Amino acid sequence: MPRAHFAERGLTWAHYRIWRDFAYFDPIVETKYEKLRQANATQSITKSSPSKDNSNGKRESTAAPSKDASHHKPSHGLYTIQRDSIVSHDHLYRITFGDGKRYKGGELMQNDDVLIILEDDAVSSVKDLAGTLQDELKDLHSGLHPSKPYSFMGFDGNLPSSSYFNPKANDGDIFGGSNPHDDTGKASLDIVYLGWCEGRLAKPAPVCLHAYAITRFAARKLMHYIEPCGEAVDLQLATMVKNGWIRFRRANGYSYSADKIRPDYSEAGSGSFKDFGIFRQCKSHCGSFMNHRRR
C-alpha cells in the first residue's frame with residue numbers, strides 16, 4: 001500500500017478522535033438520566049391523569065407508575081445520584097436535574113461550543129489573529145438554541161436515543177435536516193474553513209483541513225457520516241457538503257486581504273502553494289505528518 005494512503009488513513013483517524021473527544025459524554029450517566037427523566041414524567045402523568053371506575057366501583061389512575069421512580073441509588077459504582085444531579089464515578093460528567101444541563105470536567109457542554117482544529121503544519125498568516133477569529137466565528141452555531149440540552153449516546157457515532165438530541169427538523173434528515181434553524185430562525189452552520197485549498201473535484205466545497213472550526217453538534221454529525229477507511233478526510237467532508245449533510249463557509253476574504261497579512265509571513269500570496277485563508281500550510285521549511293514539505 002502506498003505510504004500516502006497510510007498517512008491519509010492515519011490523518012482521518014486523528015481528526016475523528018478529536019471530534020469524538022469534543023462530542024463525547026458518558027453514556028452510562030446519560031442512560032440513567034433518561035430513565036429517571038422518563039420515570040418522573042410518568043409520575044407527573046399519573047398524578048394529573050383522570051381517574052376511572054374499576055369493576056369494584058373504586059377510582060384508579062389511567063397511567064401506570066414507573067418502576068424507576070423509586071430506584072434513586074448508585075448502580076455498580078458507575079454513577080452517583082445527588083440531590084440536584086447525577087454524576088459519573090470519576091466526577092467528570094454531570095447532568096443537573098430540572099434543566100438537564102450537561103457538564104464535562106466542570107465546564108458546561110452546549111451544542112454551540114466551538115472547537116478550532118489545526119494540523120501540525122498550519123501557521124497563522126494574519127496580524128490580528130485573535131480579533132480575526134472572533135469576527136469569523138460569531139455566526140458559527142448549531143441550529144439549536146445554545147442552552148437546549150442534548151445527549152450523545154454512542155461511542156462510534158451511532159445515533160443517540162435521547163429525546164433531547166434531535167433539533168427542529170425540516171426535511172426528514174436523521175439530524176433534523178441539512179438546514180435546521182434555531183429559535184431565532186437562523187440557519188445552522190457546521191464548519192468554517194479557516195485555511196484551505198481549492199480542488200475541481202470537491203467544488204463547491206474546499207479541500208485540505210489544516211485549519212477549521214466546528215460546533216459540538218457538528219462534531220457528532222461528522223462522526224456519523226465519516227468512513228475511516230474511505231477517501232481522504234477532506235474529500236469525505238466535500239461529499240457531505242454536496243449531499244447537504246453539513247453546511248460550511250470559507251473565511252471571509254477581508255480577513256486575509258493583503259493589508260491583513262503579517263509582514264514576516266513570506267509564504268503568503270505565493271502562487272505555487274494554492275492555499276488560502278487565515279491559516280496557511282507551512283510547506284517551505286516545516287515537516288508534517290502528511291509530508292507537506294516542499295521538495
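The legends below describe close-up views of a predicted model of one protein chain.

**Figure 1. Overview of the protein chain and its secondary structure.** The chain contains 5 helices and 14 strands. It has 295 residues, and 45% of them count as buried. The accessible surface is about 15,200 Å², and carbon and sulfur atoms make up 52% of that surface.

**Figure 2. Contacts between residues of the protein chain.** The contacts considered here have a separation of 6 or more positions. Of these, 66% are made by residues 24 or more positions apart.

**Figure 3. Cys 197 and Cys 208.** Cys 197 has a relative accessible area of 8%, and the value for Cys 208 is 15%. Buried means under 20% relative accessible area. Cys 197 is therefore buried at 8%, and Cys 208 is likewise buried because its value is 15%. The structure holds 0 disulfides.

**Figure 4. Helix H5, residues 233-242.** Of the 10 residues in helix H5, 7 are buried, so the helix is largely enclosed by the rest of the structure. The buried residues of H5 include Val 233, Asp 234 and Gln 236 towards the beginning of the list, followed by Leu 237, Ala 238, Met 240 and Val 241. In an α-helix, residues three or four places apart point the same way, because there are 3.6 residues a turn.

**Figure 5. The residue Gly 244 and the end of H5.** Gly 244 lies just after H5. Its phi is positive, at about 75 degrees. Helix H5 itself covers residues 233-242, and Met 240 and Val 241 are among its buried residues.

Definitions and conventions. Residues are numbered from 1 along each chain as its sequence is written. This is a predicted model: local features need pLDDT of at least 70, side-chain atom pairs count only at pLDDT 80 or more; totals for chains, interfaces and linings use all residues. Side-chain values use heavy atoms; hydrogens and water are left out. Helices (H or I, at least four residues) and strands (E, at least two) are DSSP runs, numbered from the N terminus. Buried means under 20% relative accessible area, exposed over 50%, partly exposed in between (1.4 Å probe, protein chains only). Contact means heavy atoms within 4.5 Å. Accessible areas come from the Shrake-Rupley method with a 1.4 Å probe; for residues, only the protein chains shown count as cover. A disulfide is a pair of cysteine sulfur atoms within 2.5 Å.
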